[in-house]
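Subject: The structure I promised you

Hi,

Here is the structure we talked about, with my notes underneath. Have it open while you read, and write back with any questions.

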Amino acid sequence: LCLPRRITCPLSEMIHQKTMGNIFYVIEFMKTLVCPENNILTYSLAKRRWIWDADSVAVMSISDSVADLLVKKLLCMEKAVLKSLIVASCFGCQVNVSVMELLNGMEGIDNMVQNL
């Protein structure tokens, strides 16, 4: 966040307490904080620094399972990316780029290759 320790220390302590220092959970929790739907950690152009709502961070829960974190991550994606993932998943765990290019332009599917 490029801020002095005295400013970030309360946020760091909350995040550490919630994630127990697990780096995977720290990264995913931070991504949840900046997710547009949550809007808890944002960059203020007026203040030229990151700002956050400490009360919202304090009440946020973190999942014990990786699956729950991934679901939350999927829900924060843009609709076009999510729709592209849904279509691509119909072809299995691996999808050839040429198949995605064929699907590109179908109703509601634009820029599938770029979205993924």
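Helix α1 covers residues 5-19, and Thr 19 belongs to it. With a relative accessibility of just 3%, Thr 19 counts as buried, because the cut-off for that label is under 20%. Leaving aside residues up to four places away in sequence, Thr 19 touches Tyr 25, Val 26, Phe 29 and Ile 62. Please keep in mind throughout that this is a predicted model.

Gln 17 sits in helix α1 too, but Gln 17 is exposed, at a relative accessible area of 64%. Along the chain, Gln 17 and Ala 58 are 41 residues apart, while their C-alpha atoms are separated by 9.9 Å.

Now for the overall layout. The protein has seven helices and two strands, and reading along the sequence gives the pattern α-α-β-β-α-α-α-α-α. There are 116 residues, of which 23% count as buried. The exposed surface comes to about 8,200 Å², with carbon and sulfur atoms supplying 58% of it. If we take the contacts with a separation of 6 or more, 50% of them are between residues 24 or more positions apart.

One example of residues distant in sequence involves Lys 72, which is found in helix α4 (residues 66-75). Lys 72 and Cys 35 are 37 residues apart in sequence, and their C-alpha atoms are 9.6 Å apart in space. Lys 72 counts as partly exposed, since its relative accessibility is 34%.

Next, the aromatic rings. How many aromatic pairs does a search of the whole structure find? There are two. In one of them, the ring centres of Phe 24 and Tyr 25 are 5.7 Å apart and the planes stand at 70°, so this pair is edge-to-face. Tyr 25 is the residue we met as a contact of Thr 19. Tyr 25 is buried, at 16% relative accessible area, whereas its partner Phe 24 counts as partly exposed, at 33%.

The other pair, Tyr 43 with Trp 50, is also edge-to-face, with 5.6 Å from centre to centre and 75° between the planes. Here Tyr 43 counts as partly exposed at 40% relative accessibility, and Trp 50 counts as partly exposed at 28%.

Then the charged side chains. The count comes to one salt bridge, where the side chains of Glu 28 and Lys 31 meet at 3.7 Å, N to O. Why does that pair qualify as a salt bridge? Because the rule asks for a side-chain nitrogen of Lys or Arg within 4 Å of a carboxyl oxygen of Asp or Glu, and the N to O distance here is 3.7 Å. As a general point, side chains of opposite charge can pair when their charged atoms come close.

Both Glu 28 and Lys 31 lie in helix α2 (residues 23-34), three residues apart, which is about one turn of the helix. An α-helix has 3.6 residues a turn, so residues three or four places apart point the same way. The two partners do have different labels for accessibility: Glu 28 is buried, with a relative accessible area of 6%, while Lys 31 counts as partly exposed at 41%.

You may also want to know about disulfides. The count comes to zero. As for individual cysteines, Cys 2 is exposed, with a relative accessible area of 83%, and Cys 9 counts as partly exposed, at 27% relative accessibility.

Last, have a look at helix α5, which runs over residues 79-89. Which residues of helix α5 are buried? They are Val 81, Ser 84, Val 87 and Ala 88. Looking down the axis of α5, you will find these buried residues within an arc of 125°, so they line one face of the helix. The face turned away from that buried side carries the exposed residues Lys 79 and Ile 86.

To pick one place to start, I would go to Thr 19 and its contacts, among them Tyr 25, and then step across to the Phe 24 ring that pairs with Tyr 25.

Best wishes

Terms used: Residues numbered from 1 in each chain as written. Predicted model: local features only at pLDDT ≥ 70, side-chain atom pairs only at ≥ 80, totals over all residues. Heavy atoms only, no water. Phe/Tyr/Trp six-rings, centres within 6.5 Å; stacked < 30°, edge-to-face > 60°. Buried < 20%, exposed > 50% of the residue type's maximum accessible area, 1.4 Å probe, protein only. Disulfide = S-S within 2.5 Å. Helix = DSSP H or I, 4+ residues; strand = E, 2+ residues; numbered from the N terminus. Arc of directions from axis to C-beta. Contact = heavy atoms within 4.5 Å. Areas by Shrake-Rupley, 256 points an atom, 1.4 Å probe, with all protein chains shown as cover.
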